[in-house]
Amino acid sequence: MSRERVRVLFVCMGNLCRSPMAEGVFREQVRRAGLDERIAIDSAGTHDYHVGDPPDARAQLAAGRRGYDLAGQRGRQVSRADFSEFDYLLAMDETNLRILRRLCPSEHAHKLKLFMEFSAAGAPREVPDPYYGGDQGFEDVLDMVEEASQGLLDHLLRQIL
């Protein structure tokens, strides 16, 4: 990595459910590992639907039950500067990965990945959007996000330590 701090950006469509949940889970895992000073974490959406809004109340509730605090987060849209500022831009699904690829300057294309690439073999490739479903969808997303976050942390530990 070219910087002292590794910078990770989680990306979904509106920065309302999945990417805030990933940010919150990964932030807590990084904190528990004592790597707050080594890994910077943020989230954003490919669309501007929820700029300035807190994460979805159902996402906050589900995350809170597991000890993750999302309350301080606010939605924002991916910016051109994000491609140079972040080392990893991790999309929740193929649709948002395609959008990132369209927006991304070619010299930063290697930074774009699906978040679930860091999950165990055989795991789904995409994190489904729980927005239009029931409460169980948020629990399922958290299960996936916890697993992929641990895989990402393990990957980064091999890279920075």
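**Strand pairing, helix 1 and the largest pocket**

Val-8 stands opposite Tyr-88 of strand 3 in this predicted model. The contact belongs to the pairing of strand 1 with strand 3 (residues 88-91), in which the two strands run parallel and are joined by four bridges. Strand 1 also pairs with strand 2 (residues 39-45), again in the parallel sense, over seven bridges. Within strand 2, Ile-39 is the bridge partner of Val-6. Strand 1 itself, residues 6-12, is mostly covered, with six of its seven residues buried.

Helix 1 (residues 18-32) combines with strand 1 and strand 2 in a right-handed β-α-β unit. The end C-alpha atoms of helix 1 lie 21 Å apart, which agrees with the 21 Å that its 15 residues should span at 1.5 Å a residue. Helix 1 is mostly covered, as 12 of its 15 residues are buried. An unbroken stretch of the sequence is among them, including Arg-18, Ser-19, Pro-20, Met-21 and Ala-22. Glu-23, Glu-28 and Gln-29 are also among the buried residues of helix 1, as are Val-25, Phe-26 and Val-30.

The largest pocket has a volume of about 180 Å³. Its lining includes Cys-12, Met-13, Gly-14, Asn-15, Leu-16, Cys-17 and Arg-18. Cys-12 belongs to strand 1, which covers residues 6-12, and Arg-18 is one of the buried residues of helix 1. Tyr-49, His-50, Asp-129, Tyr-131 and Tyr-132 also line the largest pocket. By class, this lining has seven nonpolar, three polar and two charged residues.

Conventions: Residues numbered from 1 in each chain as written. Predicted model: local features only at pLDDT ≥ 70, side-chain atom pairs only at ≥ 80, totals over all residues. Heavy atoms only, no water. Buried < 20%, exposed > 50% of the residue type's maximum accessible area, 1.4 Å probe, protein only. Pairing = 2+ DSSP bridges. Right-handed = clockwise from strand over helix to strand, strands pointing away. 1 Å grid on protein atoms, 1.4 Å probe; cavity = no way out; pocket = protein on both sides within 12 Å on 5 of 7 lines; lining within 4 Å. Points joined across faces, edges and corners; volume = space filled by probe spheres on them. Nonpolar A, V, L, I, M, F, W, Y, C, P; charged D, E, K, R; others polar. Expected span 1.5 Å × (residues − 1).
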